[in-house]
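Work through these short exercises with the sequence and the 3D view open. Try each task before reading its solution.

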Amino acid sequence: MNDGVYVGNAGKDAVLDKGWLLGHFKDADDPRYSGTVEIKWGVHPRGDERSQWVTGEQRTALLVLIKGRFRVELPDRSVLLEEQGDYVVWGRGVDHSWTAEEESVVLTVRWPSVPGYSVVQGD
C-alpha cells in the first residue's frame with residue numbers, strides 16, 4: 001500500500017540511482033518523484049572527479065559538504081568546501097566540474113528536475 005510516505009537511508013538508497021534520491025527519474029507513484037527538484041547524496045572517494053565539465057546547465061544547484069574536502073570548479077573560480085556545512089550555489093548556464101580532495105559526502109539539490117537529462121556516472 002502506498003500511503004505517500006517513504007522512509008529510507010540516504011547512504012543505502014543512493015546506490016540505486018547513482019546517488020540521486022529524489023527527482024523526475026523516480027516512478028510517478030513513488031513519494032520521491034518530483035518534477036521540480038532533484039536531491040543527491042553523493043559519496044566520493046578521495047580523488048574522484050567528474051569525467052567532464054557540465055556545460056549548458058539548465059538548472060540551479062546547491063551543493064552542501066557533509067564531510068570531507070570537496071572542490072567545485074566554476075568558469076571564473078575554484079571553490080573549496082572544507083568545513084562541514086560549507087556550500088556553493090550556482091545558477092542556470094554556469095558550467096561546472098568537481099573533485100573530491102578527500103573522501104567526501106555531499107548533498108546536492110538541483111531545480112528544476114529536467115526530464116530527459118540522464119543520470120550518468122559522476123553526474
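The exercises below concern a predicted model.

**Exercise 1. Arg59**

Task: Locate Arg59, decide whether Arg59 is buried or exposed, and find which side chain Arg59 contacts.

Solution:
- Step 1. Find β2 (38-44) and β3 (60-67); Arg59 sits in the loop between them.
- Step 2. Check the accessibility: Arg59 has a relative value of 1%. Buried means under 20%. Arg59 therefore counts as buried.
- Step 3. Look for a partner: the side chain of Glu57 makes a polar contact of 2.6 Å with that of Arg59.

**Exercise 2. Tyr87**

Task: Place Tyr87 in its strand, classify its exposure, and name the surface patch residues.

Solution:
- Step 1. Tyr87 belongs to strand β6, residues 87-90.
- Step 2. The relative accessible area of Tyr87 is 55%. The cut-off for exposed is over 50%, so Tyr87 is exposed.
- Step 3. Tyr87, Val89 and Trp111 together make a nonpolar surface patch of about 330 Å².

**Exercise 3. A three-strand sheet**

Task: Give the strand order of the open sheet, and explain why β5 and β7 each have a side without a neighbour in the sheet.

Solution:
- Step 1. The order is β5-β4-β7, and the pairing is antiparallel.
- Step 2. β5 (77-81) and β7 (97-100) are at the edges. Each has a single partner strand, so one side of each lacks a neighbour in the sheet.
- Step 3. From one strand to the next, the twist averages 20 degrees.
- Step 4. Zoom in on β4 (residues 70-74): five bridges join β4 to β5. Arg71 lies opposite Leu80 in β5.

How values were computed. Residues are numbered from 1 along each chain as its sequence is written. This is a predicted model: local features need pLDDT of at least 70, side-chain atom pairs count only at pLDDT 80 or more; totals for chains, interfaces and linings use all residues. Side-chain values use heavy atoms; hydrogens and water are left out. Helices (H or I, at least four residues) and strands (E, at least two) are DSSP runs, numbered from the N terminus. Buried means under 20% relative accessible area, exposed over 50%, partly exposed in between (1.4 Å probe, protein chains only). A polar contact is a pair of N or O atoms within 3.5 Å; within protein, one must be able to donate a hydrogen and the other to accept it, and residues adjacent in sequence count only if both atoms are side-chain atoms. Patches are made of residues with over 30% relative accessible area and no salt bridge: like charges are joined within 9 Å, nonpolar side chains (Val, Leu, Ile, Met, Phe, Trp, Tyr) within 5 Å. Accessible areas come from the Shrake-Rupley method with a 1.4 Å probe; for residues, only the protein chains shown count as cover. A salt bridge is a side-chain nitrogen of Lys or Arg within 4 Å of a carboxyl oxygen of Asp or Glu. Two strands pair if DSSP finds at least two bridges between them. Axes are lines fitted to C-alpha atoms, for helices over the stretch in contact, and angles run from 0 to 180 degrees between N-to-C directions.
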